[in-house]
Amino acid sequence: MAIDPNTSVGRRGFLKGAAAGAAGAAALTVPGVAPIDAEAQSAQQARPVAITPEQAARNLAAETAPLPDEVDVQTVDNPGSDFMVDVLKQLDFEYIAANPASSFRGLHESFINYGGNKAPEWLTCCHEQASVNIANGYYAVAGKPMAVLTFAPSGLHHAMMGIFGAFSGHTPSYILVANIADGKERRPQFDWGAHSVVDPADMVRDMVKWDDTPGSLQHFAESAVRAYKMAMTEPRGPVVLVVDASLQENPVPDRSKLHIPKLTLTTPPAGDAGAVAEVARLLVAAENPLIIAGDVARNEEGMRLLVELAETLQAPVQGGGRGMPNQHPLSGGGNVRTADVILALNEDGLFGRLNRYRDQQVRSSTPLIKPDTKVLSISSYDLYMKGNYQNVERFQEVTMSIAADPQATLPGLIEACKKLITADRRRVMDERGKRLATASAEALERARLECTYGWDSSPITLQRLALEVYDVIRDKDWASVGGGGGRLWNVDKFYRTMGSVNGGGVGGSMSIAIGAALAHRKQGRLCVRFQPDGDMLYVNSALWTATHHRIPMLFVMQNNRAYHQEVMHLQRMANRRQRGMALAHAGLPGSSITDPNIDFAMMARSMGAYAEGPISNPKDLRPALLRAVERVQKGEVALLDTLTQPR
Amino acid sequence: MKIFLVIVMALFVSGLAAQGQPSSAPTGNAEKGKTLFVERACWQCHGLSAQGGGIAGPRLAGRVPAWPAFSRYVRRPTEEMIPYTPKSLPDNELADIYAWLRSIPPPPAISSIPQLNRK
């Protein structure tokens with residue numbers, strides 16, 4: 001707005017005039033009031049009151065004169081958020097994921113201009129649930145947290161499902177929540193309610209390991225380090241740190257008085273030596289031992305240790321997730337019904353493993369194990385539990401329970417077993433190992449046979465889809481970043497697979513896959529994600545984050561045009577009530593995703609990805625996959641919208 | 001839980017598959033049965049080609065149990081399968097479905113599928 005010093009309508013005068021004009025215009029519309037002579041009013045407005053040059057100069061000086069410095073502070077040289085960035089840099093964050101918000105504008109600016117947008121590098125996310133889940137996926141591969149920045153209340157509300165998933169999956173999400181605690185610092189129209197909460201962390205306190213609301217920069221430094229340490233202590237879990245906007249934007253009074261503590265991570269607790277020796281004694285003496293493994297391995301060393309235990313005992317391993325190579329002769333065999341000793345490692349679903357549960361009108365469960373089967377548990381989950389959000393199943397009776405980290409306990413357990421194995425026991429174990437290897441080979445052959453059924457069906461069977469994908473990636477350094485390929489995929493390394501969304505949160509797995517692919521990027525691995533359509537519809541903007549940040553990966557859709565699990569549940573209800581079966585089959589209103597069908601390829605292309613589809617003929621799969629893989633290997637995001645059978 | 005379901009369904013199928021020939025099965029119309037397999041929602045768990053294999057229903061193609069065991073299980077399943085009473089699925093329709101399941105041709109041989117033979 002240019003100021004004309006020769007008129008009385010200066011900047012401030014202009015604003016006043018505009019307000020008066022608006023009021024006058026409003027008055028003209030009042031019913032029953034005689035209108036003002038519009039012509040006379042117009043003439044008056046067109047002739048500004050003439051003033052002298054001296055008056056104009058005085059007016060200009062009054063308009064532009066700065067207020068005293070102590071009243072009107074307009075710049076800052078050493079904002080608190082610069083120090084906060086120093087703290088987060090010391091924690092070695094590689095990335096920070098965020099959807100921008102004014103409550104952390106100070107921190108945002110510091111990350112970019114002070115921190116140079118490196119370590120951590122800013123990841124632009126379009127939804128806070130995507131921010132948290134990208135961080136969750138990154139951790140699954142990198143083994144360390146990615147920072148997430150959001151604000152209270154709305155951003156934290158959006159983030160909650162990702163935080164709950166982290167809680168359920170024992171993932172150390174590191175969440176910074178901006179808030180404006182001081183009422184006098186809140187802008188009247190924007191910050192009351194929209195950017196401030198009395199106690200933001202309260203929203204998620206039931207599902208995080210620890211939270212804090214620092215009141216000073218020194219407090220922030222100490223709590224930032226403590227939060228990291230708490231998140232990474234077994235069993236791991238999410239933490240929240242509230243970051244006050246005033247602390248970000250106000251200057252640091254004296255930087256020399258601030259100290260960033262050194263981070264020393266906690267050593268995972270190994271099991272009590274006496275208890276471990278007893279576990280070893282029972283396992284070595286067992287005729288049919290069985291290892292049921294949950295989330296045991298944190299890295300390749302964890303996988304090596306689990307394999308060593310299994311081979312030492314020649315005992316089958318069920319589960320094991322990323323900790324057990326799926327085509328190992330001891331993987332997947334054994335039977336809880338015939339086992340005499342069962343070793344459960346970080347298995348939070350033990351009740352479901354050891355009991356037969358039926359979801360009929362009257363739900364029932366009966367034990368699968370023999371009455372005298374000894375169940376031994378080594379779990380870090382016994383060290384930490386919350387009351388409101390419960391990521392456990394029904395209580396399972398066990399013979400021995402050792403509260404300890406399995407990976408940290410395995411070296412001692414393996415050693416104890418080896419000491420107890422006599423030549424006789426070795427022979428028994430070797431014979432058992434041969435039987436299990438034969439059974440494993442037969443199971444692999446059965447899996448190949450199963451693939452042939454429905455081979456040419458359209459929509460495409462999930463088995464054929466998985467095999468076609470594997471066939472084009474098997475000779476590359478591949479990683480599945482969500483969704484399994486089945487037994488025919490040779491998962492021979494820890495990094496080949498990972499879990500997906502935890503806590504039943506449909507909608508999170510796409511973002512988790514993107515975070516994982518980001519962590520794989522520096523190794524140049526070819527990342528593949530089987531992407532359900534229903535999940536993609538929640539936070540599909542995460543795809544843009546992948547293309548924007550050049551995170552190469554291949555999405556192969558499992559598009560069944562329904563929330564099919566719910567279709568099956570509705571069918572169960574209809575059958576149970578003996579009505580409406582045909583309607584249930586059609587997906588009942590509320591569970592099908594048709595009419596219109598969604599063009600996922602178009603959606604992906606709109607966000608900069610290479611995409612093809614829908615593909616319903618299985619014969620079209622291979623050429624499309626080859627084209628898509630070529631694009632991914634050039635650094636692009638590719639998506640194939642493949643129409644599949646639901647199960 | 002998913003793995004548990006697969007285990008129990010596999011047990012179900014292995015138990016039924018060993019039960020011999022469909023000698024006492026009523027005559028059914030396979031063409032109608034193919035349609036009914038979809039309309040009565042069997043495909044939701046077992047797949048459109050009765051191929052099974054996922055986390056829900058097991059494969060039925062190529063290993064249909066004998067009629068007495070088959071019909072008894074459909075009417076009153078002992079595991080996770082949802083029950084189909086005669087009100088939901090009349091006997092003649094069940095017979096049609098059974099006829100279609102028995103008529104499904106064998107799949108291509110493993111040796112004919114290159115993707116299954118690469119080392």
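Here is a short chat about a predicted model with chains A and B.

Student: How many helices and strands does chain A have?
Tutor: Start with the overall frame: the C-alpha trace of chain A spans about 115 × 65 × 50 Å along its principal axes. Of its 647 residues, 46% are buried. The secondary structure count for chain A is 23 helices and 18 strands.

Student: What share of the contacts in chain A with a separation of 6 or more comes from residues 24 or more positions apart?
Tutor: Two residues are in contact here if their C-beta atoms lie within 7 Å. Taking the contacts in chain A with a separation of 6 or more, the share from residues 24 or more positions apart is 79%.

Student: Which strands sit at the edges of the 6-stranded open sheet in chain A?
Tutor: Read the order, which goes 2-1-3-4-6-5 with parallel pairing. An edge strand pairs on one side only, and that picks out strand 2 (121-124) and strand 5 (210-212) of chain A.

Student: Which residue stands opposite A:Ala97?
Tutor: Strand 1 (residues 95-98) and strand 3 (residues 147-151) of chain A run parallel and are joined by 3 bridges. Look in strand 3 of chain A, and the partner of A:Ala97 is A:Val148.

Student: What angle does helix 8 of chain A make with strand 6 of chain A?
Tutor: Helix 8 (residues 217-232) of chain A packs on the sheet, where it touches strand 4, strand 5 and strand 6 of chain A. Comparing its direction with that of strand 6 of chain A gives about 165°.

Student: Why is helix 16 of chain A described as largely enclosed by the rest of the structure?
Tutor: Helix 16 covers residues 509-521 of chain A and reaches 18 Å from its first C-alpha to its last, close to the 18 Å expected. Its buried residues pack against helix 6 (128-142), helix 17 (533-536) and helix 18 (542-548) of chain A, among others. A:Met510, A:Ile514 and A:Leu518 are among the buried ones. It counts as largely enclosed because the number of its 13 residues that are buried is 12.

Student: How many nonpolar residues are on the side of chain B that touches chain A?
Tutor: The contact takes 34 residues from chain B and 34 residues from chain A. On the chain B side, helix 1 (2-17) and helix 3 (43-46) are the elements that give two or more residues. That side divides into 7 charged, 10 polar and, for the class you asked about, 17 nonpolar.

Technical notes. Residues numbered from 1 in each chain as written. Chains lettered and ligands numbered in written order. Predicted model: local features only at pLDDT ≥ 70, side-chain atom pairs only at ≥ 80, totals over all residues. Helix = DSSP H or I, 4+ residues; strand = E, 2+ residues; numbered from the N terminus. Expected span 1.5 Å × (residues − 1). Buried ≥ 20, exposed ≤ 12 C-beta atoms within 10 Å, placed from the backbone. Pairing = 2+ DSSP bridges. Axes fitted to C-alpha atoms, helices over the stretch in contact; angles between N-to-C directions. Nonpolar A, V, L, I, M, F, W, Y, C, P; charged D, E, K, R; others polar.
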